[in-house]
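This report concerns side-chain contacts and surface patches. The sequence and the structure are shown first.

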Amino acid sequence: PPSMSRADSGPGRRPPLRLLAYGAALWLKRRARRGFAVLRRQRHAQSLERTLRSFTRQLATRPWLLWLWYGHVFLLWFLEAWRQAMAQALPTDPAQRIGQIVEGSRAAP
């Protein structure tokens, strides 16, 4: 954890920004943990966890279901790669801008 030096700790002196950011991060971490703990105690969250646990157990005991799961994940990855390959590049794309500069330097002797 960052600490303040004696030069920074006088009356009327503000703590460094890094120290404030560290304190804010700790506060957010504690609030998130507390929030997740409350959420996990809710009935609908426990029901969802039971359902997911049951599904995971079925994946582990039924090989065909596991292969079906892998197949659907592969299909999603393939569709996303295809979608990105077919998409038009933005005019602000850095790779396209570099390509234009290289083409321009090749055309000019």
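The text below takes up salt bridges, then surface patches, then aromatic pairs.

The model described here is predicted. Residue numbers run from 1 along each chain as its sequence is written.

**Salt bridges**

The structure holds four salt bridges. Three of them are set out in the table, with the atom distance and the helix for each pair.

| Pair | Closest N to O distance | Helix | Spacing |
|---|---|---|---|
| Arg53 and Glu49 | 3.5 Å | helix 2 (residues 43-61) | four residues |
| Arg83 and Glu80 | 2.7 Å | helix 3 | three residues |
| Arg106 and Glu103 | 3.3 Å | helix 4 (residues 94-107) | three residues |

In helix 2, Arg53 and Glu49 stand about one turn of the helix apart. Arg53 is partly exposed, at 44% relative accessible area, and Glu49 is likewise partly exposed, at 25%. The two residues also belong to a wider arrangement, in which Arg40, Glu49 and Arg53 are linked in a network of salt bridges.

In helix 3, the side chains of Arg83 and Glu80 meet in a salt bridge, and about one turn of the helix lies between the two residues. Arg83 counts as partly exposed, with a relative accessibility of 46%. Its partner Glu80 is partly exposed as well, with a value of 32%.

In helix 4, Arg106 and Glu103 are three residues apart and are therefore separated by about one helical turn. How accessible is Arg106, buried or exposed? Arg106 counts as exposed because its relative accessibility is 62%, a value over the 50% cut-off. Glu103, at 47%, is partly exposed.

**Surface patches**

Which residues gather in a patch of positive charge on the surface? The patch is made up of Lys29, Arg30, Arg31, Arg33 and Arg34. Among them, Lys29 is found in helix 1 (residues 17-40). Lys29 has a relative accessibility of 44% and so counts as partly exposed.

A second kind of patch is nonpolar. Phe74, Leu75, Leu76, Phe78, Leu79, Trp82 and Met86 form this patch on the surface, and together they have about 810 Å² of accessible area. One of its members, Phe78, is found in helix 3. Phe78 counts as partly exposed, since its relative accessibility is 48%.

**Aromatic pairs**

A pair of aromatic rings is described by the distance of the centres and the angle of the planes. How many aromatic pairs does a search of the whole structure find? The search finds two. In one of them, the ring centres of Trp67 and Tyr70 are 6.1 Å apart and the planes stand at 75°, so the pair is edge-to-face. The reasoning rests on the angle, because planes over 60 degrees apart count as edge-to-face.

Trp67 and Tyr70 both lie in helix 3 (residues 63-86), three residues apart, and are therefore separated by about one helical turn. Their accessibility values fall into two classes: Trp67 is exposed, with a relative accessible area of 64%, whereas Tyr70, at 47%, counts as partly exposed.

**Features of helix 3**

Several of the features above can be located in helix 3. The helix holds the aromatic pair Trp67 and Tyr70, the salt-bridged residues Arg83 and Glu80, and Phe78, which belongs to the nonpolar surface patch.

Note on methods. This is a predicted model: local features need pLDDT of at least 70, side-chain atom pairs count only at pLDDT 80 or more; totals for chains, interfaces and linings use all residues. Side-chain values use heavy atoms; hydrogens and water are left out. Rings of Phe, Tyr and Trp (its six-membered ring) pair if their centres lie within 6.5 Å; planes under 30 degrees apart count as stacked, over 60 as edge-to-face and the rest as tilted. Buried means under 20% relative accessible area, exposed over 50%, partly exposed in between (1.4 Å probe, protein chains only). Patches are made of residues with over 30% relative accessible area and no salt bridge: like charges are joined within 9 Å, nonpolar side chains (Val, Leu, Ile, Met, Phe, Trp, Tyr) within 5 Å. Accessible areas come from the Shrake-Rupley method with a 1.4 Å probe; for residues, only the protein chains shown count as cover. Lys and Arg count as positive and Asp and Glu as negative; His and the chain ends are not counted. The place of a charge is taken as NZ of Lys, CZ of Arg, CG of Asp or CD of Glu.
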